[in-house]
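Visitor: I have a structure on my screen and a few questions at hand. Can we walk through it together?

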Amino acid sequence: MERVILQIEHFVPDKSSPVPLHLQLSKMLLRQLRNVPTSGDCRLPSERSVVAEFNIDRTTVHRAYRDLLDRGLVYRNPDKSLSVKKSARKKLHGPYPMIGVIIPERFSSFIAGEFGERRMPYINGIIDRAEERGISLVMLQMPAPDSPDADVRRFIRERCEVLSGLIHLGNRAITDDKVLRGILANKNIPQAFISGWSELKHIGTVAVDFESQIRKFAGILAGSGCGRVVIADFKVMKNETADFHYFAIERMGIVRRSLADCGINVETQDILQLSGGERDVSA
């Protein structure tokens, strides 16, 4: 069984706070245990290493660990180390887990108009699937992009880390969205994108297998003797950032490559942009 040491993140001891240090540490550990992996042997770092890293008294660490033991979230190994129980995550989330859904704009705008009609199946699917699994959903409004770093950390700590996971339905088309970047960087929160992908390996992706269907269709066209096609497409806005990439932006490249592999050429003049100007891609 793979053994991993829990990394204590985002803990800043406040010695001026009326809250005792051991309770501050215990609270931080409880947040991290909510999303600890259920596979492998996850162990708490040694008391000595925590003392050295955060410059706090060993008694403080011992009392915080004792709290986790008393709650039945960890158990002591023969070598005196502490391992997280497999049931800890479920126990902390309780019988009614909750998932956050982050949308890139006001919800009423997100579901309005033509693109709202395309987005609603995503929303309905998320809600229906969550209901089937006994999971509650909450819509999250991210802080403003220019929010102070302390506010961003507080949002992640108090709104995101208490959830069982996060679903992203797009970005805010901001080149440097430090709020989104901070959320994505947090490996303690299971996260997934709908209709897009992130270069961060710990972020999941949910998308239709678009390419296989296009290749199948291209094969049918080639089999019928078709050697040239005209494609009608919406022009999409380049709302990509370093944190998020939309599958729709790559759609035309996939279509042309799949057709070319089947011997069907698509000339630039054969790609028609439908009327209506640029179309925003947010889902």
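What follows is a set of questions and answers on this predicted model.

Visitor: What is the strand order of the open sheet of 5 strands?
Guide: The pairing in this sheet is parallel. The twist averages 25° from one strand to the next. The order is β6-β5-β7-β8-β10.

Visitor: Which strands stand at the edges of the sheet?
Guide: An edge strand has a single partner strand, so one side of it is left without a neighbour in the sheet. Two strands fit that description, one spanning 136-140 and one spanning 203-206. They are β6 and β10.

Visitor: Over how many bridges do β7 and β8 pair?
Guide: Strand β7 covers residues 165-168, and strand β8 covers residues 191-194. H168 stands opposite F193 in β8. The two strands pair in the parallel sense, and the number of bridges is 3.

Visitor: What angle does the direction of helix α8 make with that of β7?
Guide: Helix α8, residues 178-185, packs on the sheet. The helix touches β5, β7, β8 and β10. Its direction makes an angle with that of β7 of about 135°.

Visitor: Is M139 exposed, partly exposed or buried?
Guide: M139 lies in strand β6. Buried means under 20% relative accessible area and exposed means over 50%. M139 has 39% relative accessibility, so the residue counts as partly exposed.

Visitor: Which residues does M139 touch, not counting those up to four places away in sequence?
Guide: I167 is 28 residues from M139 in sequence, and their C-alpha atoms are 9.7 Å apart. The contacts asked for use heavy atoms within 4.5 Å. On that count M139 touches V101 and F107.

Visitor: Are α2 and α3 parallel, antiparallel, perpendicular or oblique to each other?
Guide: The axes of α2 (residues 47-54) and α3 (residues 58-70) come within 9 Å and cross at roughly 125°. Roughly perpendicular runs from 65 to 115 degrees, and roughly antiparallel starts over 145. The crossing angle fits neither class, and α2 and α3 are therefore oblique.

Visitor: Which residues of α3 meet α2?
Guide: α2 passes α3 in a right-handed crossing. On the α2 side, the residues are E47, R48, V50 and V51. By class, the contact has 4 nonpolar, 1 polar and 3 charged residues. The α3 residues are R58, V61, H62 and Y65.

Visitor: How many charged residues are in the contact of α9 with α10?
Guide: The axes of α9 (residues 210-223) and α10 (residues 251-261) come within 9 Å and cross at roughly 40°. The α9 side includes F210, E211 and R215, and the α10 side includes R251, R257 and D261. The classes are 7 nonpolar, 1 polar and, for charged, 5.

Visitor: What is the phi of N55?
Guide: Most residues other than glycine have a negative phi. N55 is in the loop between α2 and α3, and at 58% relative accessibility N55 counts as exposed. N55 is not a glycine, yet its phi is positive, at about 55°.

Visitor: Where is K80 found?
Guide: K80 also has a positive phi, about 80°, although it is not a glycine. At 62% relative accessibility, K80 counts as exposed. K80 is found in the loop between β3 and β4.

Visitor: What distance separates the C-alpha atoms of P148 and K178?
Guide: P148 sits in the loop between β6 and α7. At 47% relative accessibility, P148 counts as partly exposed. P148 and K178 are 30 residues apart along the chain, and their C-alpha separation is 9.9 Å.

Definitions and conventions
Residues numbered from 1 in each chain as written. Predicted model: local features only at pLDDT ≥ 70, side-chain atom pairs only at ≥ 80, totals over all residues. Heavy atoms only, no water. Pairing = 2+ DSSP bridges. Helix = DSSP H or I, 4+ residues; strand = E, 2+ residues; numbered from the N terminus. Axes fitted to C-alpha atoms, helices over the stretch in contact; angles between N-to-C directions. Buried < 20%, exposed > 50% of the residue type's maximum accessible area, 1.4 Å probe, protein only. Parallel < 35°, antiparallel > 145°, perpendicular 65-115°, else oblique. Left-handed = near helix turned anticlockwise from the far one by under 90°. Nonpolar A, V, L, I, M, F, W, Y, C, P; charged D, E, K, R; others polar.
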